[in-house]
Amino acid sequence: RDSHGKTCRNGHQLKQFDAPHASYVCDVCKKSAKLHETLFGCRKCDYDECNDCYQKSPHKDNAEGHENIGPGDIVEFQCGD
């Protein structure tokens, strides 16, 4: 299932899925998921978000090349000569 272009921190599209077991943990709020709870995740990066965090957290939008920056995000700037 498609997740409208939202991505993990490495730019991979998050996919909606139902937790097949209760060992999944939201990487944003650290809440443990219940069996069959809807999550959004990137298996390549082992990154998951619960539905609440997914709905309110900023994500990269690769289609437009924009990145939303939220509280707690680390931003690095590189100065040129």
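Hi everyone, let me start with one pair of residues: phenylalanine 40 stands opposite glutamate 49, which sits in strand E3. Before I go on, please keep in mind that this is a predicted model.

So, where does that pair belong? The sheet is open and has three strands, in the order E1-E2-E3, with antiparallel pairing. E1 and E3 are the edge strands, as each of them pairs on one side only. From one strand to the next, the twist averages 35°.

Let me walk through the pairings. Strand E1, residues 15-18, pairs with E2 in the antiparallel sense over four bridges. One position to click on there is phenylalanine 17, whose bridge partner in E2 is leucine 39. On the other side, E2 pairs with strand E3, residues 47-50, again antiparallel and over four bridges. Here you can look at cysteine 42, which has tyrosine 47 in E3 as its bridge partner.

How enclosed is strand E2? E2 covers residues 38-42, and four of its five residues are buried, so the rest of the structure largely encloses this strand. As a reminder for anyone looking at side chains, in a regular strand they alternate between the two faces of the sheet.

Now to the turn. E2 and E3 form a hairpin with four residues between them, and aspartate 46 in that turn has a positive phi of about 55°. Aspartate 46 is exposed, at 57% relative accessibility.

That aspartate brings me to the charged side chains. How many salt bridges does the model have? The count comes to three. Two of them share arginine 43. The side chains of arginine 43 and aspartate 46 meet at 3.6 Å, N to O, while aspartate 48 bridges to arginine 43 with the closest N and O atoms 2.9 Å apart. Together, Arg43, Asp46 and Asp48 are linked in a network of salt bridges.

Their surroundings are worth a look as well. Arginine 43 is partly exposed, with a relative accessible area of 43%. Aspartate 48, in contrast, is buried, with a relative accessible area of 4%.

The remaining salt bridge joins glutamate 37 and lysine 31, with the closest N and O atoms 3.2 Å apart. Glutamate 37 is buried, at a relative accessible area of 18%, whereas lysine 31 counts as partly exposed at 35%.

Next, the cysteines. Why are there zero disulfides in this model? Take cysteine 26: the closest cysteine sulfur belongs to cysteine 29 and is 3.7 Å away, which is too far for a bond. Cysteine 42 gives a similar picture, because its closest cysteine sulfur, in cysteine 45, is 3.8 Å away, too far for a bond. The cut-off that matters for this step is 2.5 Å between the sulfur atoms. Both of these residues are inside: cysteine 26 is buried at 1% relative accessibility, and cysteine 42 is buried with a relative accessible area of 4%.

Cysteines also turn up in the nonpolar cores. Which residues make up the largest one? It has eight: Phe17, Ala19, Tyr24, Cys26, Ala33, Leu39, Cys50 and Cys53. Apart from it lies another core, of six residues, among them Cys8, Cys42, Tyr47 and Tyr54. If you recall the bridge partners from earlier, Phe17 and Leu39 are both in the eight-residue core, and Cys42 and Tyr47 are both in the six-residue one.

Cysteine 53 deserves a quick stop too. Leaving aside neighbours within four places in sequence, cysteine 53 is in contact with Cys26, Val28 and Cys29.

One last residue, arginine 9, and then I'm done. Is it buried or exposed? Arginine 9 is exposed, with a relative accessible area of 61%, and it lies in the segment before E1. Arginine 9 and tyrosine 47 are 38 residues apart along the chain, and their C-alpha atoms are separated by 8.7 Å.

To wrap up, here is what I'd like you to take away. There is an open antiparallel sheet of three strands, with E2 largely enclosed by the rest of the structure. There is a salt-bridge network of Arg43, Asp46 and Asp48. And the disulfide count comes to zero. Thanks, and I'm happy to take questions!

Conventions: Residues are numbered from 1 along each chain as its sequence is written. This is a predicted model: local features need pLDDT of at least 70, side-chain atom pairs count only at pLDDT 80 or more; totals for chains, interfaces and linings use all residues. Side-chain values use heavy atoms; hydrogens and water are left out. A salt bridge is a side-chain nitrogen of Lys or Arg within 4 Å of a carboxyl oxygen of Asp or Glu. Buried means under 20% relative accessible area, exposed over 50%, partly exposed in between (1.4 Å probe, protein chains only). Helices (H or I, at least four residues) and strands (E, at least two) are DSSP runs, numbered from the N terminus. Two strands pair if DSSP finds at least two bridges between them. Axes are lines fitted to C-alpha atoms, for helices over the stretch in contact, and angles run from 0 to 180 degrees between N-to-C directions. A nonpolar core is a set of buried Ala, Val, Leu, Ile, Met, Phe, Trp, Tyr and Cys residues joined through side-chain atoms within 4.5 Å. Contact means heavy atoms within 4.5 Å.
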